[in-house]
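What follows is a guided reading of one protein model, meant for someone who has not looked at it before. Please keep the sequence and the three-dimensional view at hand while reading.

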Amino acid sequence: SLALDLMEPVRPLIADSAVITAINTGRLKPEHFTHAEDAVLLNADGRRPVIEAFERRLNDEISHPAFARPLSYRAWLLAQCRLLGDHLTGARSDFPLLRPR
């Protein structure tokens with residue numbers, strides 16, 4: 001659950017926006033979904049465009065309050081894990097949070 005807690009602040013910025021971009025650009029289409037009882041499921045053909053969009057989004061860069069240079073979302077997640085470890089062990093008194101514009 002800790003991994004989910006760390007991901008939650010950036011979930012809309014990474015995962016949600018990647019899926020929305022895949023839909024808006026036509027990479028994810030209605031035929032990529034199947035209906036099963038009361039559920040709508042992503043089928044095997046739909047997984048590739050979602051994963052590709054997610055991977056592209058992880059490479060986008062953003063600023064981080066603890067660093068002087070932009071970081072990719074992928075690097076940002078790693079940095080947050082390390083900063084949290086430092087905070088929990090007492091090596092760091094603060095824990096900087098992402099503040100999207």
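**A walk through the predicted model**

Glu52 is found in helix 3, and this residue can serve as a starting point for a tour of what is a predicted model. With a relative accessible area of 30%, Glu52 is partly exposed. Val19 is 33 residues away from Glu52 along the chain, and the C-alpha atoms of the two are separated by 9.9 Å.

From that starting point one can step back to the whole chain. The protein has four helices and four strands, and when these are read along the sequence they follow the pattern α-α-β-β-α-β-β-α. The radius of gyration is 17 Å, whereas the globule rule gives 13 Å for 101 residues, a value that the protein exceeds well, so the protein is more spread out than a compact globule. Along its principal axes, the C-alpha trace spans about 50 × 30 × 20 Å. Of the 101 residues, 26% count as buried. If one takes the contacts between residues at least 6 apart in sequence, 36% of them join residues that are at least 24 apart.

The helices can now be taken in pairs. Helix 2, which covers residues 11–24, packs with helix 3, which covers residues 44–58, at an angle of about 130°, and the axes of these two helices are 8 Å apart. That angle makes helix 2 oblique to helix 3, and helix 2 passes helix 3 in a right-handed crossing. On the side of helix 2, the contact is made by Leu13, Ile14, Ala15, Ser17, Ala18, Val19 and Ala22, while on the side of helix 3 it is made by Pro49, Val50, Ala53, Phe54, Arg57 and Leu58. Sorted by class, the residues in this contact of helix 2 with helix 3 are 11 nonpolar, one polar and one charged.

Helix 3 also meets helix 4, and here the axes of the two helices come within 6 Å and cross at roughly 70°. Angles of 65 to 115 degrees count as roughly perpendicular, and the crossing therefore makes helix 3 roughly perpendicular to helix 4. Glu55, Arg57 and Leu58 of helix 3 make this contact together with Tyr73, Arg74 and Leu77 of helix 4. The residues of the contact of helix 3 with helix 4 divide into three nonpolar, no polar and three charged. Arg57 and Leu58 are thus named both in the contact of helix 3 with helix 2 and in the contact of helix 3 with helix 4.

Within helix 4 itself, two residues are worth a separate look. Trp76 has its place in helix 4, and at 1% relative accessibility Trp76 counts as buried, because buried means under 20% relative accessible area. Leaving aside its neighbours within four places in sequence, Trp76 is in contact with Val10, Ile62, His64, Leu71 and Leu98. The C-alpha atoms of Trp76 and Ser63, which are 13 residues apart along the chain, are separated by 8.7 Å. Cys81 also lies in helix 4, the helix of residues 73–89, but Cys81 counts as partly exposed, at 40% relative accessibility.

The loops complete the tour. Pro30 lies in the loop between helix 2 and strand 1, the strand of residues 33–36, and at 69% relative accessibility Pro30 counts as exposed. Pro30 and Arg47 are 17 residues apart in sequence, and from C-alpha to C-alpha they are 13 Å apart in space.

Farther along the chain, Glu37 lies in the loop between strand 1 and strand 2, where strand 2 covers residues 39–42. With a relative accessible area of 83%, Glu37 is exposed. What is the phi of Glu37? Most residues other than glycine have a negative phi. Glu37, although it is not a glycine, has a positive phi of about 55°. Glu37 also leads back to Cys81 of helix 4, as the two residues are 44 apart along the chain and their C-alpha atoms are separated by 39 Å.

Note on methods. Residues numbered from 1 in each chain as written. Predicted model: local features only at pLDDT ≥ 70, side-chain atom pairs only at ≥ 80, totals over all residues. Heavy atoms only, no water. Axes fitted to C-alpha atoms, helices over the stretch in contact; angles between N-to-C directions. Parallel < 35°, antiparallel > 145°, perpendicular 65-115°, else oblique. Left-handed = near helix turned anticlockwise from the far one by under 90°. Contact = heavy atoms within 4.5 Å. Nonpolar A, V, L, I, M, F, W, Y, C, P; charged D, E, K, R; others polar. Buried < 20%, exposed > 50% of the residue type's maximum accessible area, 1.4 Å probe, protein only. Rg over C-alpha atoms; globule rule 2.2 N^0.38 Å.
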